[in-house]
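Hello,

Here is the structure I promised to pass on to you. Have a look at it first, and my notes on what turned up follow underneath.

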Amino acid sequence: MKYRLGDLLYIKGRIGWKGLKKKEYLDKGDYRIINGTNIINGKVNWSSCGFISKERYNESPEIMLKANDILITKDGTIGKVAIVEELSKPSTVASGIFILRNTSPNIWITKYLYYYLQSYDFKSFIHSRIEGSVIPHLYQKDFESLSIKSPSLEEQNTISKRLELIDKKIDLNNQLNDNLTQISLLNLANMIKNKSYEIRKISDLDIIISDHVANGSFKALKENVTYYDENNYALFLRNIDFKNRLDGANRYIDKESYNYLKKSHLFGGEVVISNVADVGTIHRVPFINRPMVIGNNQIFIKSVHSFLTEYLYVYFKSYWGQNSIFSITSGSAQQKFNKTDFRALEIPIPSPNWILTNIRPFILAKDKIFNETKSLEQLKKNLLNNYF
């Protein structure tokens with residue numbers, strides 16, 4: 001049997017901002033506010049959330065969060081989903097998020113709904129509602145009209161438990177990878193402390209530095225970006241999380257645009273650095289499982305000596321690497337740096353043997369775990385397709 005979400009669930013979003021502006025956000029406080037950027041990998045990253053005053057929190061009781069609420073983004077990157085597993089402080093949501101609350105536990109298990117919202121069926125629904133929109137937006141009336149099947153509670157529970165086990169293993173793998181990164185950073189700190197390096201200019205290193213701007217106008221790419229069409233070519237955006245979103249977030253481009261942007265192709269092994277807006281954000285491309293092109297506002301670097309690329313990834317993630325980047329960053333309205341200044345940076349370079357001993361083993365271990373995680377993600381995707 002199928003049920004409309006709007007008939008049996010509590011669905012609410014912030015009605016405008018009620019005059020609330022970002023400048024009213026507090027650095028700390030007792031009342032948190034969640035934005036779409038705080039939703040990562042199916043969870044709320046509480047450490048990145050802002051705070052608002054008690055008065056602002058109390059003026060919107062309809063969107064005060066409760067444990068087990070499901071959140072879904074309706075603007076920006078549409079369709080990001082998270083479940084609120086705990087609430088250590090009173091919390092609310094910004095205008096770009098819907099709250100979905102299960103008020104029919106006799107019909108639906110909350111986790112079943114949470115996993116449905118990650119399925120291809122739901123992504124197709126979103127695509128059908130935003131296709132052709134100048135400013136993509138998921139409207140509440142469309143969301144409420146969606147009907148989904150409701151198997152027995154026992155079957156829903158079985159489906160949810162199977163998918164939850166995969167998620168827990170993925171979370172564990174991500175934590176292991178974070179720990180391996182920290183070990184690499186500690187080794188780097190010891191190297192710098194012991195001054196076991198020589199200072200080299202980046203332009204003197206055997207590396208390739210490229211970006212999107214080198215290919216000319218960004219117009220052709222913008223006109224051919226689509227959402228969710230996984231038959232097309234993936235677009236690497238600066239906010240992509242390579243732990244779980246190697247396929248290029250949720251945006252893709254057509255073959256013509258891909259071929260046009262030849263100098264922006266990624267093949268695996270590159271280090272990607274945001275050079276506009278989120279300046280200094282670092283990603284490493286462990287491998288490419290589909291044709292992918294870099295998006296705007298980023299540069300990527302790669303050496304024929306893979307161990308050197310691995311070292312540069314760790315260095316630019318470090319305190320010293322971030323300081324190097326910000327030393328060439330300028331702009332008051334929008335922070336940025338250019339390739340010319342980047343090439344002129346002078347940074348510490350240890351011996352190849354040191355890198356092979358203190359950096360490469362941990363990067364290779366990360367890659368092995370990453371590959372396992374990708375297999376788990378594909379298994380989860382297959383199960384979602386089967387179940388929904």
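The accessible surface of the chain comes to about 18,700 Å², and carbon and sulfur atoms account for 51% of that area. Please keep in mind while reading that this is a predicted model. Of the 388 residues, 51% count as buried. The chain holds 13 helices and 22 strands. Contacts reach far along the sequence: among those between residues at least 6 apart, 77% join residues at least 24 apart.

Let me start with the sheets. One of them is open and has three strands in the order β6-β3-β9, with mixed pairing. The edges are taken by β6 (50-52) and β9 (91-93); each has a single partner strand, so one side of each is left without a neighbour in the sheet. On average, neighbouring strands here are turned by 40° against each other, direction ignored. If you want to look at one pairing in detail, take β3 (residues 31-34) and β9: these run parallel and are joined by three bridges. Within that pairing, Ile34 has Val93 of β9 as its bridge partner.

A second open sheet has four strands, ordered β13-β21-β18-β19, and its pairing is antiparallel. Its edge strands are β13 (207-211) and β19, each pairing on one side only. Neighbouring strands in this sheet are turned by 20° against each other on average, again with direction ignored. Helix α9 (residues 306-317) packs on the sheet and touches β13, β18, β19 and β21 (298-303). The direction of α9 makes about 140° with that of β21.

The edge strand β19 deserves a little more of your time. Three bridges pair it with β18 (residues 271-274) in the antiparallel sense, and Val271 stands opposite Arg284. Arg284 belongs to β19, which spans residues 282-284. Is this arginine, Arg284, buried or exposed? Its relative accessibility is 12%, so Arg284 counts as buried. The side chain of Arg284 also has a polar partner, as a contact of 2.8 Å joins it to the side chain of Asp367.

Another polar contact to look up is at His137, in the loop between α4 (120-130) and α5 (140-145). Here the side chain of His137 meets the side chain of Asp75 at 2.3 Å. Leaving out residues up to four places away in sequence, His137 touches Lys74, Asp75, Ile78 and Ile130. His137 is buried because its relative accessible area, 17%, is under the 20% cut-off.

Now to the aromatic residues. Searching the whole structure gives 14 aromatic pairs. In one of them, Tyr3 and Trp108, the ring centres are 5.9 Å apart and the planes stand at 80°, so the pair is edge-to-face. This pair links distant parts of the chain: Tyr3 is in strand β1 (residues 2-4), Trp108 is in the loop between β10 (97-102) and α3 (110-116), and the two are 105 residues apart. Tyr3 is partly exposed, with a relative accessible area of 24%, whereas Trp108 is buried at 1%. There is also an aromatic cluster, formed by Phe98, Tyr112, Tyr116, Phe122, Phe125, Phe143 and Phe388.

One last residue for you to click on is Ile349, which sits in strand β22 (residues 346-349). Ile349 is buried, with a relative accessible area of 7%. Which residues is Ile349 in contact with, leaving aside its neighbours within four places in sequence? They are Tyr197, Glu198, Arg200, Leu205 and Tyr311. Ile192 lies 157 residues away from Ile349 along the chain, yet their C-alpha atoms are separated by 9.6 Å.

That is what I have for now. Happy browsing, and do write back with your thoughts.

Best wishes

Notes
Residues numbered from 1 in each chain as written. Predicted model: local features only at pLDDT ≥ 70, side-chain atom pairs only at ≥ 80, totals over all residues. Heavy atoms only, no water. Pairing = 2+ DSSP bridges. Axes fitted to C-alpha atoms, helices over the stretch in contact; angles between N-to-C directions. Buried < 20%, exposed > 50% of the residue type's maximum accessible area, 1.4 Å probe, protein only. Contact = heavy atoms within 4.5 Å. Areas by Shrake-Rupley, 256 points an atom, 1.4 Å probe, with all protein chains shown as cover. Polar contact = N/O pair within 3.5 Å; in protein donor to acceptor, adjacent residues only side chain to side chain. Phe/Tyr/Trp six-rings, centres within 6.5 Å; stacked < 30°, edge-to-face > 60°.
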